[in-house]
Amino acid sequence: MIRIRGNALPSGEVVDLCADGDRWTTDPAPGAELIEGWLLPGLVDAHTHPGAEKPGDPLDEDLLREDLHRHVDAGVTVIRAPGIAGEPPAWFGRDPDVPRAWHAGPWLAQHGQFFDGWGRRVEHSELPGVAAAQAARTGWAKIIADWGPDDEPVPLTVLRAVVDAVHAVGGRVAAHSQQAAGGLAAVAAGVDSIEHGMCLDPSALATMAARGSVLTPTLSVIESGLSKARSAPPGPRRDWYLNGAEAHGRLAATAVEAGVTVLAGTDSRPTGRITDEILALVNAGLRPHDALAAASWSARTYLGLGGLTPGSPADAVVYPADPRTDLSLLANPTAVILRGRRVR
Ligand SMILES: [Zn+2]
């Protein structure tokens, strides 16, 4: 049995909880292993594609487990895979050593767009039905709303039909967007989450806040592409990336100020780098408290999971001191508890 005691974020109030299976409880548990420190209700990587080495590769089950172990070691107890390289095995999201997981099945893209070998290409007329069938199965559908700077985004009318169809089955739509026009269409259509959101017009943030649409900026991976873009040959593609990526940190900070829920997502390999995304968000101007919210309690709430309260799923990450005042602590948690068991 596990018992945790210490200051719990976000409030910082002291809690003393025991894991009864996969539930936190205030019932005493004699003989439980006591772990003390500053407590977070588990980290969340809301945008990761575990199980494939590079875009286009099929899902590899051994690699999938390895990738998920890296997440857990970093304190991640929940992931969302908005697009995955194949049908995940039954143990995905369930085995004791891997995070809880949501996934959106294959990326749904227009013909001639997205990575060869990954996802499904779907006619506009069939997109709402295909997306709704996926969301009925796993709760999410992922739409590639736009792709390169010269590609046509999915039309607003089609996106609206997708959102209606997915919501009708109780699911949510995640939309990939890295182009201004596609981003505005996705927001206007009322998608539930904008993934990346590079080049999004900040004027769309008020609409997102009002609708409860979330932004997963995947800031660290987008900024990591800047040096390559700077050395690329001049042209519209280079201009697009540089302008979008250089403004992206500001967009993430403005989103928080506008009241948009921001989720932390790492997107690229290797997995287990949630701390990089938290640090990128802080560098962009988010308060450490808000960057941690994006990687923990806000994301858990968005996905329907509770925090460090009796009755909530028994996840926690423990640090020796307040990670908001010393972000370097994030790299070395004292303990990671997943489903009531110590996994680090
Ligand atoms: Zn992605």
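Here is a walk through this predicted model, from its two domains to its metal site and a few backbone oddities.

Let's start with the overall layout. The domain assignment splits the chain into domain 1, made of residues 1-41 plus 306-344, and domain 2, which covers 45-304. So domain 1 is put together from two separate segments, with domain 2 sitting between them in sequence. Measure from centre to centre over the C-alpha atoms and you get 28 Å between domain 1 and domain 2.

Now for the place where the two domains meet. On one side, 23 residues of domain 1 make contact, and on the other, 24 residues of domain 2. The size of an interface is often quoted as the accessible area lost when the parts come together. Here the area buried between domain 1 and domain 2 is about 2,000 Å², with carbon and sulfur atoms giving 61% of that. There is polar chemistry here too: 11 residue pairs are in polar contact across the interface. On the domain 1 side, strand β16 (residues 335-338) supplies the largest share, three residues. Sorted by class, that side of domain 1 has 16 nonpolar residues, six charged ones and one polar one.

What about charge pairs? Side chains of opposite charge can pair when their charged atoms come close. Between domain 1 and domain 2 the count is four salt bridges, while the overall count comes to 19. One to look up is R344 with D73, whose side chains meet at 3.6 Å, N to O. Another salt bridge is R342 with E33, where the closest N and O atoms are 2.5 Å apart. That pair ties together distant parts of the chain: R342 belongs to strand β17 (residues 341-342) and E33 to strand β4 (residues 33-36), 309 residues apart.

Next, the metal. Which residues coordinate the zinc ion? They are H47 and H49, each through NE2, and D267 through OD, at 2.0 to 2.3 Å. Written as a sequence pattern, the donors are spaced H-x1-H-x217-D. H49 lies in the loop between β6 (43-45) and α1 (61-73), and D267 in the loop between α8 (236-257) and α9 (274-283), so this pair links parts of the chain 218 residues apart.

Finally, some backbone geometry. Most residues other than glycine have a negative phi, and most peptide bonds are trans. Against that background, a few spots are worth a look. The peptide bond from L9 to P10 is cis, with omega near 10°, and P10 is in the loop between β1 (2-8) and β2 (13-20). R269 and P270 are also joined by a cis peptide bond, with omega about -10°; P270 is in the loop between α8 and α9, the loop that also holds the zinc donor D267. Then there is C199, not a glycine, yet with a positive phi of about 75°. You'll find C199 in the loop between β13 (193-196) and α5 (205-211).

Key. Residues are numbered from 1 along each chain as its sequence is written. This is a predicted model: local features need pLDDT of at least 70, side-chain atom pairs count only at pLDDT 80 or more; totals for chains, interfaces and linings use all residues. Side-chain values use heavy atoms; hydrogens and water are left out. Domain bounds come from an automatic or database domain assignment. Contact means heavy atoms within 4.5 Å. Buried area is the accessible area (1.4 Å probe) that two parts lose on being put together, summed over both. A polar contact is a pair of N or O atoms within 3.5 Å; within protein, one must be able to donate a hydrogen and the other to accept it, and residues adjacent in sequence count only if both atoms are side-chain atoms. Helices (H or I, at least four residues) and strands (E, at least two) are DSSP runs, numbered from the N terminus. Ala, Val, Leu, Ile, Met, Phe, Trp, Tyr, Cys and Pro count as nonpolar, Asp, Glu, Lys and Arg as charged, and the others, Gly among them, as polar. Donors are N, O and S atoms within 2.8 Å of the metal (3.2 Å for Na, K and Ca); water is not among the atoms, so sites may look incomplete.
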